[in-house]
Amino acid sequence: MRNILILLVYVGSACTAPKTTPKGQERIAAGQTSEEAKETTDPAIPQNQADAMPTPTVPVTNTPAPAPTVEAGSLNVQWIAGAANCNQDNNPALQVHAYNKNLVILRQNKCLNFEAPFMYLIFGNQKAFLIDTGATASATTFPLRTTVENLLVEHYGAAQRAQITLVVAHSHAHGDHRAADPQFNGQPNTTLVGTSQAAVMSFYGISNWPESIVDYDLGGRVLKVIPIPGHEPSSLAFYDAQTGILFTGDTLYPGRLYIQDWEVYRASAARIRNFAEGRTVTHVLGAHVEISKTPGQDYPAGSTFQPDEHVLQLKKDALTLLDSELKKIGPTPMRRVLDEFIISP
Ligand SMILES: [Zn+2]
Ligand SMILES: [Zn+2]
């Protein structure tokens, strides 16, 4: 704390231009948390000059910062995992589970599309944020927008819904995560984010792809937007400090991690691991489940019935494991079967 105050006084009166990064962006050195980055004394200030600065009035204490508290939620849910005979399946197109009153998880029915992607709806004070729109375009068979609108009205009330912008965002550009985009296109109080890398960079204000990690404010709830290309060129992770959840799309989930660009993916795995270091990560939530409860055993691609599937959530240490395994494998792509996920270049 003392160093920060000294730095502020110094910068205000010095001719040396402070090092700046674009608004809303932070640069984090490898192995350094953002908090550490903020609290590091500027090495450009000679120590004797810094010592000559006025003594700050805030008392210096050694009391450790309180552990960040996160809003609790429940993942105690039995996800509908398709059906042995989809012709006789009566389950809804979308399964809806409230993690808590401020975050809803949706899953597409496997009988509608085997990908059965998960989608996330995050409520802020000014904006609601939907991550992904699923694998089916038809509003008749897959009424995603109606479902989301109902959830918005339930959360905000009908009158306040009109004051809220629904931001329809994506974990990445693959078709099973944006098929229902047209349902939202041109709708009132709705912003549909593009899926190209250029569109993503422009929308979130990411100038230095993929190194820059930026904030996206929903009103009283700030998401961290972390570029993690490699599975797909415009892949993003979102970190919600309010719940401590890290949303990882198809980059990390309990299933086959398909990799389009090996080296870029390896760098992203390191980036997201470094990001999580020193932060509370309660759950790592991806966009699919393809692995069973039996370690390392996945369902065949295209399965419409996964009666014994792994839970959706992974723990924070999955980030460490993924990065370490990729480092061990090295620059030549290689398949690696682990208990909870399979690296599948
Ligand atoms: Zn994908
Ligand atoms: Zn996918």
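Which residues does leucine 130 touch, not counting residues up to four places away in sequence? Before selecting them, note that the model is predicted.

**Leucine 130**

Select leucine 130 and display its contacts beyond four places in sequence: Met119, Leu121, Val148, Leu166, Val167, Val168 and Ala169.

**The nonpolar core**

Next, widen the selection to the largest nonpolar core, which has 72 residues. Leu130 is among the residues with the most contacts inside this core, a group that also holds Tyr120, Ala128, Phe129, Val225, Ile226 and Ala237. Then colour strand β4, residues 118-123. This strand supplies six residues, the largest share of the core. In soluble globular proteins, nonpolar side chains tend to be buried together.

**The whole chain**

Now return to the full chain of 345 residues, of which 39% count as buried. A cartoon view with secondary structure coloured should be read against a count of nine helices and 16 strands. Considering contacts between residues at least 6 apart in sequence, 65% join residues at least 24 apart.

**A three-stranded sheet**

Proceed to the open sheet whose strands run in the order β12-β16-β15, with mixed pairing. Select β12 (256-258) and β15 (336-337), the edge strands, each of which pairs on one side only. Add strand β16, residues 342-344, which pairs with β15 in the antiparallel sense over two bridges. Strands of a sheet pair through backbone hydrogen bonds, either parallel or antiparallel.

As a last stop, select arginine 336 and isoleucine 343: the isoleucine, in β16, is the bridge partner of the arginine.

Methods:
Residues numbered from 1 in each chain as written. Chains lettered and ligands numbered in written order. Predicted model: local features only at pLDDT ≥ 70, side-chain atom pairs only at ≥ 80, totals over all residues. Core = buried A, V, L, I, M, F, W, Y, C linked by C-beta atoms within 7 Å. Buried ≥ 20, exposed ≤ 12 C-beta atoms within 10 Å, placed from the backbone. Helix = DSSP H or I, 4+ residues; strand = E, 2+ residues; numbered from the N terminus. Contact = placed C-beta atoms within 7 Å. Pairing = 2+ DSSP bridges.
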